[in-house]
Every structure is written in C-alpha cells, then in structure tokens.
Amino acid sequence: METEVIAFDIYPKKVDVEYRNDSFRPNRVSEAFLKAIPKNLDGLVVDDIGSGGGVIAIIEANRGALEVRAVEPADANYKLLVRNIERNVLQDRITAYQGVFFDPIAHLPRADLISADVSGIPEILSRALGWYPEGIPTGGPKGTEITCELLRRAPKFLKTDGKLYFPTANDLLDAEEILQVARDNFKVVENALWSKDELEKWKLDSAKSEGKLWKSPEYIWFHLREEDMQKIDRAYNGAVPKTINIQEIKGRYFWRGQIYVATQPKI
Ligand SMILES: C[S@@+](CC[C@H](N)C(=O)[O-])C[C@H]1O[C@@H](n2cnc3c(N)ncnc32)[C@H](O)[C@@H]1O
C-alpha cells in the first residue's frame with residue numbers, strides 16, 4: 001500500500017506525517033483541535049485519545065508537553081502512529097498505546113490535558129462518504145456513542161484542574177446528547193474554538209456586509225458536494241435521520257462542527 005507524506009504547518013512548526021489509504025487522514029477537525037488547544041503546553045502530561053496517525057500528539061509534544069500518551073485502537077492507524085513518532089524523533093516524549101479509551105493507560109497518573117479526537121461521525125454516513133476506511137471504527141450507529149462513552153470514562157483520568165477537548169459534528173448527529181453527557185460528567189463545558197471577542201467582531205462585520213459573511217466563527221464549516229448529498233441519500237435509502245441536518249446556503253451544502261473544552265471533572 002502506498003504511503004503519502006502530508007505536511008502540517010501548524011504552530012509551532014511544520015511537521016511531516018505519513019498516511020495510507022487504509023488509515024484515517026487528518027482533516028480540518030484535526031486542525032481545529034490544534035487551534036483550540038493552548039500554544040504552550042510546557043511541562044504538561046497529555047493523553048491523546050483516538051490519536052490516529054498521531055498528528056495532534058506530535059504537535060502537542062512540539063508545544064512543550066513533557067509526556068504525551070497516544071492511544072489508538074485501529075491496527076493501520078497504530079502502525080502509522082509509531083512510524084510518525086519516530087519520523088519526528090519524539091520517542092522520548094510520546095508513547096503509543098494500542099487500545100480503546102483509557103484502557104492501556106489506566107494505571108498511569110492523571111493527565112493535565114486530554115485531547116479526545118475520537119470517532120464522532122455516524123457509521124452509515126462515514127462509510128458512504130469514504131471518510132473512514134474499512135477497519136477504522138466510526139462514531140457508532142448514531143455517531144454519538146464513542147464520544148459519550150469517552151466523556152463518561154474521562155473524569156477519573158483527568159486532574160481536577162485539567163482540561164479535556166472534544167469535537168462534535170453538530171449537523172450530522174444529536175450534539176445535544178453529547179453535551180448533556182459532558183455536563184453530567186464535568187462542571188463546566190464551553191466552546192473552545194472562538195473567543196467572545198471574535199464572535200462580537202463577526203456580528204458587527206456581518207451586520208455591515210449585507211449577508212455576505214455567513215460563516216460564523218463559532219463553528220468549523222465543511223462543504224459537501226452535490227455528489228456527497230446523493231451518496232448520503234442513497235446510503236439511507238432516502239430516509240435520512242432527522243439528526244442529520246445539513247445546511248443549504250446559497251445552493252451549496254455545509255455541515256458544522258465544533259470543539260468543546262470540559263473542565264472540573266465530577267468524580
Ligand atoms: C476522527 S479520527 C482522528 C484521528 C486523529 N486524531 C487525527 O486528527 O488524525 C478518530 C480516531 O479515533 C479512533 N477511535 C475510535 N474509537 C476509539 C476508542 N473507543 N478509543 C480510542 N480511539 C478510538 C479511531 O480509530 C480514529 O483513529
């Protein structure tokens with residue numbers, strides 16, 4: 001199988017990571033994650049759960065994390081994770097573990113920060129659009145299952161003053177279900193992607209722009225092509241679940257994603 005090297009130019013420096021057709025390819029959610037996570041992780045212990053080929057773990061180490069524990073269940077991803085850690089000469093700071101959730105690191109001390117970019121797209125949709133190659137677990141039938149389970153398990157692996165970052169594919173599933181589980185397990189759950197100042201600025205600019213500015217910075221916006229819409233329709237035999245709520249704007253299709261940060265674990 002052919003290996004492709006992708007360059008990620010994300011603070012603090014460009015990194016090269018290897019991917020293959022049978023592994024998960026990092027996308028704009030991975031990039032949004034790295035926008036949400038602090039630029040300075042000096043001395044912190046980080047758990048990167050759902051590490052894939054490791055791009056987030058590698059950049060966390062480059063941001064100063066003392067130790068990153070990268071957990072990934074899928075064989076193809078795990079092999080690339082190990083290779084990518086070596087490629088970036090970070091073996092002394094990132095350890096790869098194969099397994100689900102916190103299982104392989106449950107015996108280790110709690111983390112200061114958890115990045116949990118676990119699968120969060122519904123099974124039928126992930127496979128129909130080719131976003132998840134065979135062998136890579138998806139978010140489950142509804143798409144919420146893996147993220148909700150992660151949030152239930154996470155409190156006892158995070159320090160009381162630690163932070164956990166997680167994504168939601170808002171227009172593709174019931175994001176409120178995920179947020180409810182987050183609030184049941186953490187005292188504070190907030191949007192991690194935008195500051196109130198950024199949103200205020202966007203509101204002022206969009207009021208002046210006569211509707212030209214429609215992409216609120218509150219979300220990550222993903223474009224879907226007409227053929228993607230047809231694939232979705234076919235995959236669900238025309239009965240697309242109500243929780244899939246794709247936005248049609250000016251004849252184009254979009255779904256919105258979000259990154260949240262949960263703090264003050266309820267233990
Ligand atoms: C959306 S991909 C993200 C990969 C990587 N973070 C990136 O940015 O490229 C989700 C990852 O979560 C992994 N995953 C799925 N179920 C998991 C579980 N129960 N525990 C840990 N990781 C899981 C998948 O194998 C996949 O690699």
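## A guided look at a predicted protein–ligand model

A polar side-chain atom of Glu72 lies 2.7 Å from an oxygen atom of the ligand. That contact is a good place to start exploring this structure, which is a predicted model. From the ligand we will move on to the salt bridges, of which the structure holds 19. After that come a covered helix, two aspartates and a few backbone angles worth finding on your screen.

**Around the ligand**

- Besides Glu72, the side chain of Ser30 has an N or O atom 2.8 Å from an oxygen atom of the ligand.
- Ser119 takes part through its backbone instead: an N or O atom there is 3.4 Å from a ligand oxygen.
- The ligand on its own has 590 Å² of accessible area, and the protein covers 97% of it.
- Which residues come nearest to the ligand? They are Ser30, Gly50, Glu72, Asn77 and Phe101, out of 22 residues around it.
- Sorted by character, the shell around the ligand has 14 nonpolar residues, six polar ones and two charged ones.

**Salt bridges to look for**

- Arg25 and Glu4 join their side chains in a salt bridge, with 2.7 Å from N to O.
- This pair links distant parts of the chain, 21 residues apart: Glu4 sits in strand β1 (residues 3–10), while Arg25 is in the loop between β2 (13–20) and α1 (28–36).
- Are these two partners buried or partly exposed? Arg25 has a relative accessible area of 43% and is partly exposed; Glu4, at 37%, is partly exposed too.
- Another salt bridge brings together the side chains of Asp22 and Arg20, again with 2.7 Å from N to O.
- Arg20 has 28% relative accessibility, so it counts as partly exposed.
- You can also find a network of salt bridges that links Asp103, Glu149, Arg152 and Arg153.

**Arg256 and its surroundings**

- The side chains of Arg256 and Asp171 form a salt bridge of 2.8 Å, N to O.
- Here the partners are 85 residues apart: Arg256 belongs to strand β11 (residues 252–265), and Asp171 to the loop between β7 (158–168) and α6 (175–185).
- Both Arg256 and Asp171 are buried.
- Why does Arg256 count as buried? Its relative accessibility is 18%, and buried means under 20%.
- Apart from residues up to four places away in sequence, Arg256 touches Thr168, Ala169, Asn170, Asp171, Tyr219, Ile220, Trp221 and Gln247.

**A covered helix**

- Helix α2 (residues 55–62) is mostly covered, and eight of its eight residues are buried.
- Among the buried residues of α2 are Val55, Ile56, Ala57 and Ile58, and also Glu60 and Asn62.
- After α2 comes Gly64, which has a positive phi near 110°.

**Two aspartates to compare**

- Asp112 is part of strand β6 (residues 111–116), and its relative accessible area of 15% makes it buried.
- The side chain of Asp112 reaches the backbone nitrogen of Val45 at 2.7 Å.
- Leaving out neighbours within four places in sequence, the contacts of Asp112 include Gly43, Leu44, Val45 and Leu158.
- Asp16, by contrast, is in strand β2 and counts as partly exposed at 28% relative accessibility.
- Not counting residues up to four places away in sequence, Asp16 touches Val5, Ile6, Ala7, Arg87 and Asn88.
- From Asp16 to Glu4 there are 12 residues in sequence and 10.0 Å in space, C-alpha to C-alpha.

**Backbone angles worth a look**

- Most residues other than glycine have a negative phi, and most peptide bonds are trans.
- What is the peptide bond from Tyr11 to Pro12, cis or trans? The bond is cis, with omega near 10°, and Pro12 lies in the loop between β1 and β2.
- Phe101, which we met among the residues nearest to the ligand, has a positive phi near 45°.
- Phe101 is in the loop between β5 (94–98) and β6, and its 13% relative accessibility makes it buried.
- Gln264, in strand β11, also has a positive phi, near 55°.
- With a relative accessible area of 37%, Gln264 is partly exposed.

Conventions. Residues are numbered from 1 along each chain as its sequence is written. This is a predicted model: local features need pLDDT of at least 70, side-chain atom pairs count only at pLDDT 80 or more; totals for chains, interfaces and linings use all residues. Side-chain values use heavy atoms; hydrogens and water are left out. A salt bridge is a side-chain nitrogen of Lys or Arg within 4 Å of a carboxyl oxygen of Asp or Glu. Helices (H or I, at least four residues) and strands (E, at least two) are DSSP runs, numbered from the N terminus. Buried means under 20% relative accessible area, exposed over 50%, partly exposed in between (1.4 Å probe, protein chains only). A residue is near a molecule or strand if one of its heavy atoms lies within 4 Å of it. A polar contact is a pair of N or O atoms within 3.5 Å; within protein, one must be able to donate a hydrogen and the other to accept it, and residues adjacent in sequence count only if both atoms are side-chain atoms. Accessible areas come from the Shrake-Rupley method with a 1.4 Å probe; for residues, only the protein chains shown count as cover. Ala, Val, Leu, Ile, Met, Phe, Trp, Tyr, Cys and Pro count as nonpolar, Asp, Glu, Lys and Arg as charged, and the others, Gly among them, as polar. Contact means heavy atoms within 4.5 Å.
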